[in-house]
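Okay, thanks everyone for coming. I'd like to walk you through one structure today, so have a look at the screen and then I'll talk through what's in there.

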Amino acid sequence: MTIQALKQQALEVRKTLLSMIYQAKTGHTGGALSSTDLITALYFEVMHIDPSNPKWEGRDYFILSKGHSVEGYLSALAKRGFFDESLLSTFCQYKSPLIGHPNNKIPGIEMNTGALGHGLSISVGMAIGLKKDKKPNRVFTLMGDGELAEGSVWEAAMAASHYKLDNLIAIVDRNHLQISGSTEDVMGLEPLRERWESFGWQVEEIDGNSMLEVVNALKAAPFKEHKPSLIIANTTKGKGVKEMEDIPSWHHGVPNQHLYEQAMLDFESMEKELQNV
Amino acid sequence: MSDYRACREAYTTTLLTLAQEDPSIIVISSDARGSCSLNTFVETLPDQFVEIGIAEQNEIGVAAGLSVVGKNPFVCAPACFLTARSLEQLKVDVAYSHQNVKVLGVSGGVSYGVLGSSHHTLHDIATLRCIPDLTIILPSDAAQTEAVVRTIAHQKGAFFIRIGREKIPQVYTEELGVKPFTLGKANTLREGDSLTLVSCGELVYHTLEAAKLLSNEGIEARVLDMATLKPFDEEAIIKAAKETGALVTIEEHSINGGLGATVSQIVCTNHPVPVKTLAFPDEYLVTGNSLELFAHYGLDAKGIAASVTTFISQVSTL
C-alpha cells in the first residue's frame, strides 16, 4: 500500500473505532486513537499474515500488550478480513464475542491481554520458540508508555537481550499520558531511550502518528543483528479528534452525540483532503 | 531408607525420557535447576531448556509464548513463588488464554518449613481452584508423580502440579496393588465402613498410617487419595458420604479453601453427613521441618488418628 492509502485506511479505522465506542458507551478512546497509525501500518503493510488462514505457520505474530486499546485493533482486523465487519457493532454488548480487551477466540488474535506488563514476556517466549526452530517469523508487540511501570516489562526486556532476540520488535505508544495524568508526573519514564538501550535493545525514535515514519521504521526492523528492536513511537493521545487530543480524561472517555457527529464530520474532511493531495 | 524417593527426581527423570522422544518439550526454570533436580536434564538436552533467572512473572509469560508457537513447555520452580508472584500470568496468559503449559511447583506445602512463611505454599489449592480450565494435581509419592507426568505430557491444556522436596515413603507399592494415577479420579487405597479419610499430596502416606492405627482400635477407615484437586472426583466423595456416613479430610494446606472446603461443599450439597478438616491453621507457623510441622499441627499418623477418634465419638453422640 502507498503511504497515501495507508493514511486513508487509518482514517477508516479511526472512524470505526470511535463508532464502536460511541455505540457501546464504553472504551479506551485516547489510546486507541494514538496507536491507530501503528496498528494500521502493521496490519495493512508490514506483517506477513493471511486473513483467510489466521493460524498460517508463516505468519508474523502480534501481541497488543496495551490490551485496552482493543477498539482500533478489532477495527483493523475486521477491515483486513479476519472476521465480518458487521460484528463490530456488537462490541461490549451482552453475550458479544468482542469484549473490552483482546480475546483469542477472535480470528487473528493470539493471546488474551488486558492485565498490563504481560505482552513482552509472551513475545519473548514466542521469539525464543521461533529461534529454536530457526523460523523467520517475526514477533511485534505494542506496549503503552504507562504500562512500562510494570516490573515484569523489565524482566522480559532483560531476557530479550540475553537471548539476542533480533526477531522481536517492540513498540511503545509514547503518548505521554496515562489515566491519572502525565506519565512523568505519575511515574517518570525518562530517560526512556537510554533505559532501553541499557537493557541491551537497539532503539529508534519516531513520530508514531506519521505514517511515513511508522512504515519506514517497521520495515527497517530488526535494526541490528543479535539485538531486540524497540521503537519509541511519539504519539498524541486522542489523535484525530481535536477535542480529545492530549487530555488525560479521554483515556476512557466516551463522546456525546454532538462530539461524535462533529468528529465524524472532521474525519470526512480529512479524507477529502487526503484524496485531493 | 531405600524405598524413600523424592517426587522432584521422579518428575524430572520422567520428563527427560519424554523430552528425548519429543523435541517440542521445553523446560523453563527461574534459577531453580538444583531445587527442581534439573541438572541432568540441562546437561543432556541443553537446547530444550530455557533459563529465565529469578523472574517468575516473565517465566510464566515466556512459557505461554512458547506454547503459542507450538512448543510443549514445562515450567519448573518453587511452588511458593509460582503460585503467588506469577499468579496473574498463570491466570491470564496460561489458563484464560487456553495455552498448553504445565507448571510444576516444587517444595510446596511446608517443604521449606524452617525457611518461614515466605517459602510456604499453603494457599495454592484455594487460589488456583478459582481459575477455570486449570487442572490441579498433588501427587502423593514418586510413582504417582511419574504417572502424572506421563499422563499429562501430551495432553494440551493448563496444568499445575505441586510436589514436595524431601525423599518420602512410597504409597503406591506393589503390595498396595493400585494403579497410581487416573486423571480426575480418586484412588481408593483402603476399604472401610467406619468413615472415610480423604487426603492428597504427601499426607496420603501419613493418612494411611493413621488408618492402620485406627484399625487397631476397631475403626475401619476408607482412605481416598484425591490426587486431582481439579477436576474433582465428586462421585467418589458422594459415594463415601453415603456408604461410610462421615469424612475427615487431611491436607498440607491452609484450613481455608482447600481439600476440606471442597469436600464439605460437595457433601453439604449432595448428601449431608459430618465432615472434619485437618489442615494447617490460619496463622504463621512455628519453626520446624516438614515432619516436625506435621507432628506439631496434628497431621502425622498419630495426630490424625487422635483427631479421628475424637471426631468419631462426637459423631456417634449426634
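I'll take the two chains in turn and then get to where they touch.

One thing up front: this is a predicted model, so keep that in mind throughout.

Let's start with chain A. DSSP-wise we've got 10 helices and seven strands there. The radius of gyration is 18 Å, and the globule rule gives 19 Å for 277 residues, so chain A is as compact as a globular protein of that length. If you like boxes, the C-alpha atoms of chain A fit in one of roughly 50 × 45 × 45 Å along the principal axes. Half the chain is tucked away, with buried residues at 50% of the 277. And if you take the contacts in chain A with a separation of 6 or more, 76% of them are between residues 24 or more positions apart.

Now the sheet in chain A. What's the strand order? Going across, it's β1-β2-β3-β7-β6, five strands in an open sheet, and the pairing is parallel. The edge strands are β1, residues 61-64, and β6, residues 202-207; each has a single partner strand, so one side of each is left without a neighbour in the sheet. From one strand to the next you get an average twist of 20°.

Zoom in on β3 and β7 of chain A, that's 168-174 and 229-234. Six bridges hold that parallel pair together. If you want one position to click on, I171(A) has I231(A) in β7(A) as its bridge partner. Then there's helix α9 of chain A, residues 211-220, which packs on this sheet and touches β6 and β7, with its direction at about 165° to that of β6(A).

So which residues of α9(A) are buried? That would be M211(A), E213(A), V214(A), V215(A), A217(A) and L218(A). Note the glutamate in that list, E213(A). As for what sits over them, the cover includes the β6 and β7 strands along with helices α1 (3-24) and α3 (36-46), again from chain A.

Right, over to chain B. Here the tally is 12 helices and 14 strands. The radius of gyration of chain B comes out at 19 Å, close to the 20 Å from the globule rule for 318 residues, so again it's as compact as a globular protein of that length. The C-alpha box for this chain is roughly 60 × 40 × 40 Å along the principal axes. Of the 318 residues in chain B, 56% are buried. For contacts with a separation of 6 or more, residues 24 or more positions apart make up 78% in chain B.

There's an open five-stranded sheet in chain B too, in the order β9-β11-β10-β13-β14, with mixed pairing. At the edges we find β9 (187-190) and β14 (275-280), with a single partner strand each, so one side of each has no neighbour in the sheet. The twist there averages 25° per step from one strand to the next.

Let's stay with β14(B) for a second. Its pairing with β13(B), residues 247-254, is parallel and runs over five bridges. In that pairing, I250(B) is matched with L278(B), and S254(B) stands opposite F280(B). Is β14(B), an edge strand, covered or left open? Mostly covered, in fact: five of its six residues are buried. Helix α10 of chain B, residues 259-270, packs on the sheet and touches β14, as well as β13 and β10 (195-199), with its direction at about 145° to that of β13(B).

Elsewhere in chain B, have a look at a helix pair. Helices α1 (7-21) and α7 (142-152) pack at about 30° with their axes 8 Å apart, and the crossing is right-handed. On the α1(B) side the contact residues are C7(B), A10(B), Y11(B), T14(B) and L15(B); on the α7(B) side, A142(B), T145(B), E146(B), V149(B) and R150(B). By type, that's six nonpolar, two polar and two charged.

Last stop, the place where the chains meet. How many residues does each chain put in? It's 20 from chain A and 21 from chain B. On the chain A side, α5 (119-132) and α6 (151-162) each supply at least two residues, and α5(A) gives the most, with 10. That side of chain A splits into nine nonpolar, eight polar and three charged residues.

That's my tour; happy to take questions.

Notes. Residues numbered from 1 in each chain as written. Chains lettered and ligands numbered in written order. Predicted model: local features only at pLDDT ≥ 70, side-chain atom pairs only at ≥ 80, totals over all residues. Pairing = 2+ DSSP bridges. Helix = DSSP H or I, 4+ residues; strand = E, 2+ residues; numbered from the N terminus. Axes fitted to C-alpha atoms, helices over the stretch in contact; angles between N-to-C directions. Contact = placed C-beta atoms within 7 Å. Left-handed = near helix turned anticlockwise from the far one by under 90°. Nonpolar A, V, L, I, M, F, W, Y, C, P; charged D, E, K, R; others polar. Rg over C-alpha atoms; globule rule 2.2 N^0.38 Å. Buried ≥ 20, exposed ≤ 12 C-beta atoms within 10 Å, placed from the backbone.
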